[in-house]
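Let's take a walk through this fold, one piece at a time. Have the viewer open and follow along.

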Amino acid sequence: MAFKTVILCEKQKQVKFLKSGYKLNKTKSFNGVVSAHYDREDGLCVVGLSGHLLELAPPEFYESSLRRDKAGWNIECLPVIPDGERWKLVPKKGHSAKETKRIKGLLGGIEWAFKGNGQPGEICIAVDNDKEGELLGWETLEYFGLADHPNKTRMLYSQISEKAMMAAFDGRGDAKDWYTRYLAGLARLYADWLIGMNVTIA
């Protein structure tokens, strides 16, 4: 059975307060990581990111002949400029096996909440109230193919506490009101990638 509402947080601290406030005592684990908290009776599930779990695919994804060998990069392929309005997102590579395992575990919990039980009736974006937060929330929806979900809401708060988080959830509004802030974050991300990747290789 699909959840009535899935809340997507940016930080595990936010997950902790919503889990406590709404008494979400059931959990789902992936890769040994507890990554979803829920209550079937109320149909509510809370999942969380941990900063950036996703990143843009590397230049080699778009230009296979660019790959580096002993002689270095094939710089005749530059500049690499991906096509389309949305560029490929992939799970972030951790700095250690433990971190990679955690990233995969958290993404597994989000996928389970979003798709493993059927599409939820509502997706509530509960990331930080800034452009970077907006980027993290929306890019996660893009990655799982849910950016066009018909019922997306946004909760805003300036304090991370159980009381503040619950009040923000009760007062949540339409997520589309904040969509342009996501686009601003996306523009910065793409510009950073274009300059950073091409110049570094060159």
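Which residue of β4 does Asp39 stand opposite? It stands opposite Leu44. Before going further, some ground rules: this is a predicted model, where local features need pLDDT of at least 70, side-chain atom pairs count only at pLDDT 80 or more, and totals for chains, interfaces and linings use all residues. Residues are numbered from 1 along each chain as its sequence is written, and side-chain values use heavy atoms, with hydrogens and water left out. As for the element names, helices (H or I, at least four residues) and strands (E, at least two) are DSSP runs, numbered from the N terminus.

Back to that pair of strands. β3 and strand β4 (residues 44–48) pair in the antiparallel sense over 4 bridges; two strands count as paired if DSSP finds at least two bridges between them. The β3–β4 hairpin has 4 residues between its strands, and in it Gly43 takes a positive phi near 70°.

Now look at the other neighbour of β3. Strand β2 (residues 26–30) pairs with β3 in the antiparallel sense over 5 bridges. You can trace the register yourself: Lys26 has Tyr38 as its bridge partner in β3, Ser29 stands opposite Val34, and Phe30 stands opposite Val33. This hairpin has 2 residues between the strands, and Asn31 in the turn has a positive phi of about 55°. As for β3 itself (residues 33–39), the strand is mostly covered, with 6 of its 7 residues buried. Here buried means under 20% relative accessible area, exposed means over 50%, and partly exposed is in between, using a 1.4 Å probe and protein chains only.

Zoom out to the whole sheet. It is an open one of 7 strands, in the order β2-β3-β4-β1-β7-β8-β9, and the pairing is mixed. Its edge strands are β2 and β9 (173–174), each of which pairs on one side only. In a regular strand, side chains alternate between the two faces of the sheet.

Next, head for the start of helix α1 (residues 12–21), where you'll find Gln14. Is Gln14 buried or exposed? It counts as buried, because its relative accessibility is 0%. Its side chain makes polar contacts, meaning pairs of N or O atoms within 3.5 Å; within protein, one atom must be able to donate a hydrogen and the other to accept it, and residues adjacent in sequence count only if both atoms are side-chain atoms. A polar atom of the Gln14 side chain lies 2.9 Å from the backbone nitrogen of Glu10, and the side chain also reaches the backbone nitrogen of Lys11 at 2.9 Å. Lys11 sits in the loop between β1 (5–9) and α1 and counts as partly exposed, because its relative accessibility is 33%. Lys11 and Val127 are 116 residues apart in sequence, yet 7.6 Å apart in space, C-alpha to C-alpha.

On to α4 (residues 131–143). The expected span of a helix is 1.5 Å times one less than its number of residues, so the 13 residues here should span 18 Å, and the end C-alpha atoms are indeed 18 Å apart. Asp130 caps the N-terminal end: a side-chain oxygen lies 3.3 Å from the backbone nitrogen of Glu132. Among the buried residues of α4 are Gly133, Trp138 and Leu141. Leu136, also in α4, is buried too, with a relative accessible area of 2%. Just after the helix, Gly145 takes a positive phi of about 70°.

Finally, find the largest pocket. A pocket is defined on a 1 Å grid over the protein atoms alone, as an open set of points where a 1.4 Å probe fits, with protein on both sides within 12 Å along at least five of seven lines; lining residues have an atom within 4 Å of a point. The lining includes His52, Lys92, Glu132, Glu139 and Trp193, while β5 (54–56), α4 and α6 (179–201) each supply at least two of its residues.
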